[in-house]
Amino acid sequence: MIERNYVLKYLRKKQEIESGYTGNDLTEFSKKLGVTVRGLRKRLSNWINNDKEFKQLIYLGKEKPSITLSEFLEIEHKFVKNPIQVKKRYL
């Protein structure tokens, strides 16, 4: 059985440290719990639809983004400041 509070605690910790959780995090966590990834995702989907605490968590996608949020915001700020600058080095 997958314990709700244990999963919530794990995902909140991921959110604090990495600004959210990824699919890879769920894969690793399911191994730790001794359940299938599919089972964990199904239970998590149910909790997200019916539980306010799970709705607040952020899913980042299958893998961790290659840049941090602060790096993204810095790049975005530079583009807003000067939209015609050479963008090649940022890509």
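1. A salt bridge, as the term is used in this note, is a side-chain nitrogen of Lys or Arg within 4 Å of a carboxyl oxygen of Asp or Glu. The structure is a predicted model. The side chains of glutamate 18 and lysine 14 make such a bridge, with an N to O distance of 3.6 Å. Because the two residues are 4 apart in helix H1, about one helical turn separates glutamate 18 from lysine 14. The partners fall into separate burial classes: glutamate 18 is partly exposed, at 25% relative accessibility, while lysine 14 counts as buried, at 17%.

2. How many salt bridges does this rule give? The count is 6. One of them lies in helix H5, which covers residues 69-81 and holds both glutamate 74 and lysine 78. The side chains of glutamate 74 and lysine 78 come to 3.4 Å, N to O. The spacing is 4 residues, about one turn of the helix. Glutamate 74 has a relative accessible area of 46% and is partly exposed. Lysine 78 is also partly exposed, at 31%.

3. Another of the bridges joins separate helices. Glutamate 53 and arginine 12 meet through their side chains at 2.7 Å, N to O. Glutamate 53 belongs to helix H4 (residues 52-55) and arginine 12 to helix H1, so this bridge ties together parts that are 41 residues apart in sequence. Both partners are partly exposed: glutamate 53 has a relative accessibility of 31%, and arginine 12 has 38%.

4. The bridge between glutamate 53 and arginine 12 should be read together with its neighbours in the network. Arg4, Arg12, Asp51 and Glu53 are joined into one network by salt bridges that share partners. Aspartate 51 sits in the loop between helix H3 (37-50) and H4. What is the burial class of aspartate 51? With a relative accessible area of 14%, aspartate 51 is buried, because the cut-off for that class is under 20%.

5. Aspartate 51 has further contacts to list. Its side chain makes a polar contact of 2.8 Å with the side chain of arginine 4. The side chain of aspartate 51 also reaches the backbone nitrogen of glutamate 53, at 2.9 Å. A reader checking the loop between H3 and H4 can therefore start from aspartate 51, which lies in that loop.

6. On the aromatic side, a search of the whole structure finds 4 pairs. One of them is tyrosine 10 with phenylalanine 29, a stacked pair with 3.9 Å from centre to centre and 5° between the planes. Which helices does this pair connect? Tyrosine 10 is in helix H1 (residues 4-18) and phenylalanine 29 is in helix H2 (residues 23-33), so the contact ties together parts 19 residues apart in sequence. Tyrosine 10 and phenylalanine 29 are both buried. Ring pairs also bring in Tyr6, which forms a cluster with Tyr10 and Phe29.

7. A further aromatic pair consists of tryptophan 47 and phenylalanine 54. The ring centres are 5.0 Å apart and the planes meet at 20°, so the pair is classed as stacked. The cut-off behind that step is an angle under 30 degrees. Are these residues buried or exposed? Tryptophan 47 counts as buried at 11% relative accessibility, and phenylalanine 54 counts as buried at 2%.

8. For the packing of helices, H2 and H3 can be described in some detail. Their axes are 9 Å apart and the packing angle is about 110°. Angles of 65 to 115 degrees count as roughly perpendicular, and H2 and H3 are therefore roughly perpendicular to each other. The crossing of H2 past H3 is right-handed.

9. The last point concerns the start of the chain. Methionine 1 is placed in the segment before H1. At 97% relative accessibility, methionine 1 counts as exposed. How far apart in space are methionine 1 and leucine 33? The C-alpha to C-alpha distance is 8.9 Å, and the two residues are 32 apart in sequence.

Methods
Residues numbered from 1 in each chain as written. Predicted model: local features only at pLDDT ≥ 70, side-chain atom pairs only at ≥ 80, totals over all residues. Heavy atoms only, no water. Phe/Tyr/Trp six-rings, centres within 6.5 Å; stacked < 30°, edge-to-face > 60°. Buried < 20%, exposed > 50% of the residue type's maximum accessible area, 1.4 Å probe, protein only. Polar contact = N/O pair within 3.5 Å; in protein donor to acceptor, adjacent residues only side chain to side chain. Axes fitted to C-alpha atoms, helices over the stretch in contact; angles between N-to-C directions. Parallel < 35°, antiparallel > 145°, perpendicular 65-115°, else oblique. Left-handed = near helix turned anticlockwise from the far one by under 90°.
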